[in-house]
Amino acid sequence: MTIQAQLGERFRYHVYPDAVTVADALAQQILRHSQEAIKARGVFKIVLAGGTTPQASYRLLASAKTDWNRWHVFFGDERCLPADHPERNSTMAAEAWLNHCAIPHRQIHVIEAELGAEEGAARYRQQIQGVPPFDLVLLGMGEDGHTASLFPGHQHDADEFVHAIHQAPKPPSDRISLSQAVLCHTQALIVVITGAGKHQALKRWLAGESLPIASMEPVCGIDMLLDEAAISG
């Protein structure tokens, strides 16, 4: 069975020629979900992912026309680095987008990972208490099948909203991540997969391997945005 046939059996998926067109499609999807959420519920609560393709989408959003006062921004995970470190997801999103739009600062909920994994996770648990369901969660997938900062082989307390991550296989070893249950408590979930380096992990996921990305099973289902390289390897 082809990858496309397997995807079609399990997901709503869309394949684009390259990462540039995936980024454009993602930006359009984010805006569409924002309009629908604001019309239905008066607010739009989004969880951001890191990665180069989402970064390109965020740059496109910086010039979008929307009611930014209704947006509430959260982060799926963060690296335990200084607050303004260039490798933090919050720094990337701020430089690409959030510093260039009118979302009120109090509605951008940064993970205080500079305080360390335990303290930062404890504070983010308080921040998101009572917030879910989200309107849209964005996720990527690493070449090992990890998503957010949930890595293969790691065990976490299923009752926690936010996990303190230690001994991550990618630097920095200390991180903070929303839990699988919280990431799946959403009206919509989009997984973005681009590049030939993700091909094998995608095959392993579709083959039923127990990867962190495979644990994402929201009631709303998953929309996947992929490029040709991820499909063909």
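## The S149 site

A polar contact of 3.3 Å joins the side chains of S149 and R175. These positions belong to a predicted model. S149 sits in the loop that runs between β5 (136-140) and β6 (162-165). Its relative accessible area is 0%; because buried means under 20%, S149 counts as buried.

Leaving aside neighbours within four places in sequence, the residues in contact with S149 are D77, I165, R175, I176 and S177. R175 therefore appears both in this contact list and as the polar partner of S149, while S149 itself is buried.

## Overall form

The protein has 8 helices and 9 strands. For its 233 residues, a compact globule would have a radius of gyration near 17 Å, and the value for the protein, 17 Å, agrees with that. Along the principal axes, the C-alpha atoms fill a box of roughly 50 × 40 × 30 Å.

Buried residues account for 52% of the 233 residues. The protein exposes about 10500 Å², of which carbon and sulfur atoms supply 49%. Among contacts between residues at least 6 apart in sequence, 76% join residues at least 24 apart.

## The sheet

Six strands form an open sheet with parallel pairing, in the order β1-β9-β8-β5-β2-β3. β1 (12-16) and β3 (71-75) stand at the edges; each has a single partner strand, so one side of each is left without a neighbour in the sheet. From one strand to the next, the twist averages 20 degrees.

At the β3 edge, β2 (residues 44-48) runs parallel to β3 and is joined to it by 5 bridges. In this pair, L48 stands opposite F75 in β3.

## Strand β8 and its partners

In the strand order, β8 stands between β9 and β5. β5 and β8 pair in the parallel sense over 4 bridges, and L138 stands opposite I190 in β8. On the other side, 4 bridges join β8 to β9 (residues 223-227), again running parallel. Here the bridge partner of V192 is L225 in β9.

How many residues of β8 (residues 189-193) are buried? The count is 5 of its 5 residues. In a regular strand, side chains alternate between the two faces of the sheet. L189, V191 and I193 lie on one side of β8 and I190 and V192 on the other, and both faces are covered. Two of these residues also appear in the pairings above: I190, opposite L138, and V192, the partner of L225.

Conventions:
Residues numbered from 1 in each chain as written. Predicted model: local features only at pLDDT ≥ 70, side-chain atom pairs only at ≥ 80, totals over all residues. Heavy atoms only, no water. Pairing = 2+ DSSP bridges. Helix = DSSP H or I, 4+ residues; strand = E, 2+ residues; numbered from the N terminus. Axes fitted to C-alpha atoms, helices over the stretch in contact; angles between N-to-C directions. Rg over C-alpha atoms; globule rule 2.2 N^0.38 Å. Buried < 20%, exposed > 50% of the residue type's maximum accessible area, 1.4 Å probe, protein only. Contact = heavy atoms within 4.5 Å. Areas by Shrake-Rupley, 256 points an atom, 1.4 Å probe, with all protein chains shown as cover. Polar contact = N/O pair within 3.5 Å; in protein donor to acceptor, adjacent residues only side chain to side chain.
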